[in-house]
Amino acid sequence: MKLSTLFVCILVTCVVGLAGQAVADLNSLRGAHAVPETNAAPELMKFIKDKENVARTFEEQPPVVPHENEKYAINLKENKCLDCHMKQEGKDEAKSVEMSESHFIDRNGNKLDRPAGSRHFCTQCHVPQVDLPPLVGTNFQAAK
Ligand code: HEC
Ligand code: HEC
């Protein structure tokens, strides 16, 4: 065997060996379970739904939802959030909670008399609130 061929063989063996080690160290979100095995279901999260508004921590932050929201359907035909989040004269205050004006402006800057399509899927931006420790450490300081 030529010396250069031998060298390439050694190099390939090292690289493949290292990559194999890296793959062995990887851990998927479902843990170290074989694919056909059933793993434990993740713990159910308890949403904070005490109707208190949770403080915003930076400017332009979409406020988190201070109430239950998993039962409100949002699809092509309907948006249950709008049952309560359209300001309407004479309607009970708790069912007529205003959205900001920004929600009535389309992407070309036109003012609309209905929520813009780009705001239809509310939960794309507004997430429910869960009391959990952060997944990773952070030294983020809320805006004052
Ligand atoms: C049954 C009526 C009702 C429905 C349906 C509803 N909400 Fe609410 N929502 C409220 C009320 C009442 C508040 C509290 C108002 C307040 O104090 O600002 C609120 C507050 C919020 C806030 C916080 C506003 C702020 O200023 O902090 C967000 C965000 C929100 N809702 C999003 C949603 C989304 C998204 C949906 C649909 C998945 C939804 N809501 C469905 C009644 C409702
Ligand atoms: C593209 C992201 C996005 C989507 C989609 C969206 N919002 Fe918002 N929303 C925001 C942001 C950002 C704010 C805070 C800044 C502002 O008021 O414009 C906000 C503010 C609000 C507020 C607080 C208003 C206030 O006066 O403080 C309510 C209530 C709300 N949204 C409800 C909704 C509902 C209901 C929907 C669905 C119909 C929705 N939003 C869709 C981003 C979004």
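Of the 144 residues of the protein, 3% count as buried. The model is a predicted one. Its secondary structure consists of one helix and zero strands. Among the contacts with a separation of 6 or more, 43% come from residues 24 or more positions apart.

**The two ligands**

The residues around each ligand can be listed by class.

| Ligand | Surrounding residues | Nonpolar | Polar | Charged |
|---|---|---|---|---|
| Ligand 1 | 19 residues | nine residues | six residues | four residues |
| Ligand 2 | 20 residues | ten residues | seven residues | three residues |

Which residues are the closest to each ligand? For ligand 1 they are Pro 63, Asn 69, Cys 81, Cys 84 and Cys 122. For ligand 2 they are Pro 62, Ser 100, Ser 102, Cys 122 and Cys 125. Cys 122 appears in the list for ligand 1 and also in the list for ligand 2.

**Glu 60**

Helix H1 covers residues 3-25, and Glu 60 is found in the segment after this helix. The backbone of Glu 60 has a phi near 65°, which is a positive value in a residue other than glycine.

Is Glu 60 buried or exposed? Glu 60 has 6 C-beta neighbours inside 10 Å. A residue counts as exposed if 12 or fewer other C-beta atoms lie within 10 Å of its own, so Glu 60, with its 6 neighbours, is exposed.

Notes. Residues are numbered from 1 along each chain as its sequence is written. Chains are lettered from A and ligands numbered from 1 in the order in which they are written. This is a predicted model: local features need pLDDT of at least 70, side-chain atom pairs count only at pLDDT 80 or more; totals for chains, interfaces and linings use all residues. A residue is near a molecule or strand if its C-beta atom, placed from the backbone, lies within 6 Å of it. Ala, Val, Leu, Ile, Met, Phe, Trp, Tyr, Cys and Pro count as nonpolar, Asp, Glu, Lys and Arg as charged, and the others, Gly among them, as polar. Helices (H or I, at least four residues) and strands (E, at least two) are DSSP runs, numbered from the N terminus. A residue is buried if 20 or more other C-beta atoms lie within 10 Å of its own, exposed if 12 or fewer, and partly exposed in between; C-beta atoms are placed from the backbone. Two residues are in contact if their C-beta atoms, placed from the backbone, lie within 7 Å.
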